[in-house]
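Q: I am new to this structure and should be grateful for a close look at a single part of it. Please begin with the setting and then proceed to the details.

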Amino acid sequence: MFAELNGGGIDWGINTDDFSYKKLQDLDLNGKYVVKGMFINRNKTEKELKEYGASVVLILDDCLLSIPNHYETAVQSILDDPDKVAAVKAGKCAISDLYTYESHGKTCYAFRWIDVE
């Protein structure tokens, strides 16, 4: 219960040592991806955090998925809620309906959270 205070975060029970990082644009826009875990990396300089924000990452079956930092609040709310953490560990959280949109002259990617029954 208190080990999480050491910076290790939640133990999702998944060995990610051989996982590579991917971005949303690397995934199939029509796919559904079960989320196995997640974390927020704030180990950046103060300047980097101000300029780029924290790194928000989802653990999928075979990769670590870097997602836009505007999902940080949603991910933090999951990490702060023991029931939601348990649901993620039970395979009841997924992302789907990936889509693109234009912002400041560039193509951005987003998704919708879905419940897995």
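A: The account below begins with the whole chain and then turns to strand β6 and its surroundings.

The model is a predicted one. Its protein chain contains three helices and seven strands, and, read from the N terminus, these elements follow the order β-β-β-α-β-β-α-α-β-β. The chain has 117 residues, of which 31% count as buried. About 7800 Å² of the protein chain is exposed, and carbon and sulfur atoms supply 47% of that area. Of the contacts that join residues at least 6 apart in sequence, 56% are between residues at least 24 apart.

Confidence should be considered before any detail is read. The protein chain has a mean pLDDT of 87, with 85% of its residues at 70 or more. By element, confidence is highest in strand β2, residues 33–34, at 97, and lowest in helix α1, residues 46–52, at a mean of 65. Over residues 1–7 the pLDDT stays under 50, and for this stretch the model has two contacts beyond four places in sequence.

The part chosen here is strand β6, which covers residues 93–103 and includes Asp97. Ser96 also lies in strand β6. Is Ser96 buried or exposed? Its relative accessible area is 10%, and burial requires a value under 20%, so Ser96 counts as buried. Beyond the residues up to four places away in sequence, Ser96 touches Gly31, Lys32, Phe111, Arg112 and Ile114. Of these partners, Phe111, Arg112 and Ile114 fall within the residue range 106–115 given for β7.

Asp97 presents another picture. With a relative accessible area of 41%, Asp97 is partly exposed. Its phi is near 50°, a positive value in a residue other than glycine.

Gly31, one of the partners of Ser96, merits attention of its own. Gly31 is placed in the loop between β1, residues 20–23, and β2. At 10% relative accessibility, below the 20% limit, Gly31 is therefore classed as buried. Apart from neighbours within four places in sequence, Gly31 is in contact with Ile95, Ser96, Asp97 and Leu98. Gly31 and Leu98 are 67 residues apart along the chain, yet their C-alpha atoms are separated by 7.6 Å.

After strand β6 comes His104, in the loop between β6 and β7. What is the relative accessible area of His104? The value is 82%, and exposure requires over 50%, so His104 counts as exposed. His104 is not a glycine, and it has a positive phi of about 55°.

One further feature, in another part of the chain, completes the setting. The structure holds one salt bridge, in which the side chains of Asp61 and Lys36 meet at 3.4 Å, N to O. This pair links distant parts of the chain, the two residues being 25 residues apart. Asp61 is in the loop between β4, residues 55–59, and β5, residues 63–67, while Lys36 is in the loop between β2 and β3, residues 37–41. The two partners also have their own accessibility classes: Asp61 counts as exposed at 56% relative accessibility, and Lys36 counts as partly exposed at 30%.

Definitions and conventions:
Residues numbered from 1 in each chain as written. Predicted model: local features only at pLDDT ≥ 70, side-chain atom pairs only at ≥ 80, totals over all residues. Heavy atoms only, no water. Helix = DSSP H or I, 4+ residues; strand = E, 2+ residues; numbered from the N terminus. Buried < 20%, exposed > 50% of the residue type's maximum accessible area, 1.4 Å probe, protein only. Contact = heavy atoms within 4.5 Å. Areas by Shrake-Rupley, 256 points an atom, 1.4 Å probe, with all protein chains shown as cover. pLDDT = per-residue confidence, 0-100. Salt bridge = Lys/Arg side-chain N within 4 Å of Asp/Glu carboxyl O.
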